[in-house]
Amino acid sequence: RTRELEIDPIARGLLGLDEATALNADVGFFRRLILPADRQLVDMEVMKARRTGGPVELRFRIRTPAGEVRHIRTATTFVGGTPEAPHLTIGAGVDETDEVHLQAEMRLRSAALDAAWDGILITEAQGDQPIVYANRRFLETTGYSEAEILGRNCRFLSEGLGEQTGLQELRQARQHLAREGFADLPAWDQL
């Protein structure tokens with residue numbers, strides 16, 4: 001007898017299955033790992049691919065036997081037989097869980113930066129230190145658009161400001177603080 005489903009060692013690890021469970025697994029077992037919220041979409045896409053004879057690419061979540069939720073991307077093709085009863089199904093899956101979590105974290109951090117009251121710029125630490133991010137507040141305060149500043153060094157922001165009113169007073173105030181022993185304290189300039 002041929003097995004209905006064969007799970008390689010890498011996929012076993014991904015699914016959290018021991019070898020004995022994997023050897024006895026059938027398609028129904030694998031289907032039950034798919035979270036109920038994703039199962040209907042997976043079923044519909046697989047049925048559509050079987051009817052058309054085409055490949056199917058899916059993203060869905062599974063719950064491993066240990067209870068861990070994993071984000072999976074698969075590509076599957078049905079080979080031979082008829083669309084309703086193929087002789088063979090060949091597929092590959094990729095665990096995207098870490099990437100999905102990283103993307104969610106990045107969206108959260110980006111939302112926090114965009115909601116800040118202060119203008120924020122982020123630059124690359126290498127090379128000419130081009131600007132890679134400016135939050136909404138910075139753009140509103142300066143009047144620049146992202147297209148005008150992304151990829152540029154921050155030096156352009158100080159062009160022509162050398163003789164600005166009040167700059168000499170600011171320099172004198174900093175020199176006074178340095179003479180009073182405050183020069184070594186960490187500071188945050190908000191100008």
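# Reading a predicted fold, step by step

Reply: Read along the sequence, this protein goes α-α-α-α-β-β-β-α-β-β-α-α-α. Keep in mind that the model is predicted.

Me: How many helices and strands does the protein have?

Reply: Eight helices and five strands. You can tick them off against that α and β pattern.

Me: What share of the protein's residues is buried?

Reply: The idea is to ask how much of a residue's surface stays accessible. Under 20% relative accessible area is called buried, and over 50% is called exposed. Here, buried residues make up 20% of the 191 residues. As for the outside, the protein exposes about 14,100 Å², with carbon and sulfur atoms supplying 54% of that.

Me: Let me try some single residues. Is Thr74 buried or exposed?

Reply: Thr74 has a relative accessibility of 13%, so it counts as buried. You'll find Thr74 in strand S2.

Me: Which residues does Thr74 touch?

Reply: When you read contacts, skip the close neighbours in sequence and see what's left. Leaving out residues up to four places away, Thr74 touches Val56, Glu57, Leu58, Phe60, Ala92 and Gly93. You can also compare sequence and space: Thr74 and Arg59 are 15 residues apart in sequence, and their C-alpha atoms are 6.5 Å apart.

Me: And Arg32, is that one buried or exposed?

Reply: Arg32 counts as exposed because its relative accessibility is 54%. Arg32 sits in helix H3, residues 27-33. With residues up to four places away set aside, Arg32 touches Asp26 and Arg39. Ile62 is 30 residues from Arg32 in sequence, and the two C-alpha atoms are 8.5 Å apart.

Me: What share of the contacts in the protein joins residues at least 24 apart?

Reply: Take the contacts between residues at least 6 apart in sequence: 25% of those join residues at least 24 apart.

Me: Next, the nonpolar core. Which residues in the largest one touch the most other members?

Reply: Look for buried nonpolar residues that are joined through their side chains. The largest such core has 17 residues, and Ile7, Leu15, Leu17, Phe60 and Ile62 touch the most other members. The elements giving two or more residues to this core are helix H1 (9-15), H3, helix H4 (36-52), strand S1 (56-63) and strand S2 (69-79). Strand S1 gives the largest share, four residues. Apart from this core lies another, of six residues, including Ala134, Leu139, Ile149 and Phe156.

Me: Could we zoom in on Leu17? What is Leu17 in contact with?

Reply: Leave aside neighbours within four places in sequence, and Leu17 is in contact with Ile7, Arg12, Ala22, Phe29 and Pro65.

Me: Which residues make a nonpolar patch on the surface?

Reply: Val79, Leu88 and Ile90 make one of about 240 Å². Leu88 is in strand S3, residues 88-95, and is partly exposed, with a relative accessible area of 44%.

Me: Now salt bridges. How many are there?

Reply: You're looking for a side-chain nitrogen of Lys or Arg within 4 Å of a carboxyl oxygen of Asp or Glu. By this rule the count comes to 10. One of them joins Asp38 and Arg61, with the closest N and O atoms 2.9 Å apart. This pair links distant parts of the chain: Asp38 is in helix H4 and Arg61 in strand S1, 23 residues apart. Asp38 is buried at 14% relative accessible area, whereas Arg61 is partly exposed at 27%.

Me: What does the salt bridge between Arg73 and Glu96 tie together?

Reply: Arg73 lies in strand S2 and Glu96 in the loop between S3 and helix H5 (97-115), so the pair ties together parts 23 residues apart in sequence. Their closest N and O atoms are 2.6 Å apart. Arg73 is partly exposed, with a relative accessible area of 32%, and Glu96 is buried at 8%.

Me: One last feature. Why does the span of helix H8 agree with what's expected?

Reply: Count 1.5 Å a residue along the helix. Helix H8 (residues 167-179) has 13 residues and should therefore span 18 Å; its end C-alpha atoms are 19 Å apart, which agrees. H8 is followed by Gly181, whose phi is positive, near 90°.

Key: Residues numbered from 1 in each chain as written. Predicted model: local features only at pLDDT ≥ 70, side-chain atom pairs only at ≥ 80, totals over all residues. Heavy atoms only, no water. Buried < 20%, exposed > 50% of the residue type's maximum accessible area, 1.4 Å probe, protein only. Contact = heavy atoms within 4.5 Å. Core = buried A, V, L, I, M, F, W, Y, C linked by side-chain atoms within 4.5 Å. Patch = residues over 30% accessible without salt bridge, like charges linked within 9 Å, V, L, I, M, F, W, Y side chains within 5 Å. Areas by Shrake-Rupley, 256 points an atom, 1.4 Å probe, with all protein chains shown as cover. Expected span 1.5 Å × (residues − 1).
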